[in-house]
Amino acid sequence: MPDESQLEHGQDCGNQQGKDAPRSPEPVIVMSHVWKYFGPLVALQDVNVAVQAKERIVIIGPSGSGKSTMLRAINRLETVDRGSIFINGTDITKCRDSELNHVRQNLGMVFQSFNLFPHKTVLHNLTMAPIKLLHMKKSDAEDRALALLKKVGISDKANVYPSMLSGGQQQRVAIARALAMQPSIMLFDEPTSALDPEMVGEVLDVMVNLAEDGMTMCCVTHEMGFARTVADRVIFMDHGQILEMDTPDRIFNSPRHPRLRQFLDQIL
């Protein structure tokens with residue numbers, strides 16, 4: 001967790017740096033004393049974490065432990081009740097909607113469900129946001145989309161509709177669509193949980209390639225092999241708390257918290 005001197009450098013939205021500003025050596029994500037309630041339920045309890053540029057964070061834990069709530073809070077899809085969340089130095093808990101949209105251009109997010117527009121082709125799904133939000137020329141947006149489809153291994157699917165794709169292919173389109181906005185940070189909320197087992201590998205392969213390319217990633221997953229292979233740090237959560245945060249080797253081979261040991265005994 002960063003000290004107070006790091007947090008002092010956070011900016012309000014009105015002072016936000018542009019997307020092309022030089023990368024700061026400070027953390028690109030800082031969650032400071034974050035609390036979230038759903039009625040009487042405490043979903044996040046004093047969460048503190050800092051993520052450096054190009055770092056790969058994997059969040060694990062039992063269902064209902066607050067993993068997805070934490071990830072959604074980073075994108076302010078969930079508002080928090082207490083605490084601060086800084087994205088590239090900007091406290092998104094203080095942003096107005098118009099300012100938040102600018103911050104979100106640096107945040108790509110992939111969900112459990114694919115959320116593709118069923119009445120639009122794959123190519124159109126990928127080009128809509130860059131044309132509308134980044135004001136790209138259609139030809140440039142299409143060139144970028146085709147390059148991304150090649151990157152995720154489905155370059156031959158540009159002109160088909162989502163219903164004609166397998167679940168794994170649809171999720172790869174969703175990843176490509178998020179990347180089309182050229183985010184500096186990618187958030188993955190259990191991206192393989194809705195897939196048939198034989199389709200999981202093809203999506204994880206794309207995510208591994210992104211990690212190898214140096215993308216900053218925060219991923220909620222039940223895929224422990226992925227966590228071991230890709231993560232720089234693994235966060236274990238339960239009842240809205242971060243109970244342990246360490247390297248994959250320490251988390252999986254030398255867990256200290258008894259709840260983590262119990263969790264790993266049940267799933268490994």
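**Helix 4.** I began with helix 4 (residues 122-133; helices here are DSSP runs of H or I with at least four residues, numbered from the N terminus), and found its buried residues to be Val122, Leu123, Asn125, Leu126, Thr127 and Pro130, where buried means under 20% relative accessible area with a 1.4 Å probe and protein chains only. I note that this is a predicted model, in which local features need pLDDT of at least 70 and side-chain atom pairs count only at pLDDT 80 or more, while totals for chains, interfaces and linings use all residues. Residues are numbered from 1 along each chain as its sequence is written, and side-chain values use heavy atoms, with hydrogens and water left out.

I then looked up the partners of these buried residues of helix 4, which pack against helix 5 (138-151) and helix 6. After helix 4 comes His135, with a positive phi near 60 degrees.

**Helix 4 against helix 5.** The two axes, which are lines fitted to C-alpha atoms over the stretch in contact, with angles running from 0 to 180 degrees between N-to-C directions, come within 9 Å and cross at roughly 125 degrees. Helix 4 and helix 5 are therefore oblique to each other, given that angles under 35 degrees count as roughly parallel, over 145 as roughly antiparallel, 65 to 115 as roughly perpendicular and the rest as oblique. On the helix 4 side I listed Val122, Leu123, Leu126, Thr127, Pro130 and Ile131, which meet Lys138, Ala141, Glu142, Ala145, Leu146, Leu148 and Leu149 of helix 5; contact here means heavy atoms within 4.5 Å. By class, this contact of helix 4 with helix 5 holds ten nonpolar, one polar and two charged residues, with Ala, Val, Leu, Ile, Met, Phe, Trp, Tyr, Cys and Pro counted as nonpolar, Asp, Glu, Lys and Arg as charged, and the others, Gly among them, as polar.

**Helix 6 against helix 7.** I next took helix 6 (residues 167-179) and helix 7 (residues 197-212), whose axes lie 8 Å apart at an angle of about 20 degrees, which makes helix 6 roughly parallel to helix 7.

**Core.** The largest nonpolar core (buried Ala, Val, Leu, Ile, Met, Phe, Trp, Tyr and Cys residues joined through side-chain atoms within 4.5 Å) has 49 residues, and Ile60, Ile175, Met186, Phe188, Met207 and Met217 are those with the most contacts inside it. Helix 7 gives the most to this core, with eight residues. For Met207, leaving aside neighbours within four places in sequence, I found contacts with Ile175, Phe188, Pro191, Met217, Cys219 and Phe226.

Definitions and conventions. Helix = DSSP H or I, 4+ residues; strand = E, 2+ residues; numbered from the N terminus. Buried < 20%, exposed > 50% of the residue type's maximum accessible area, 1.4 Å probe, protein only.
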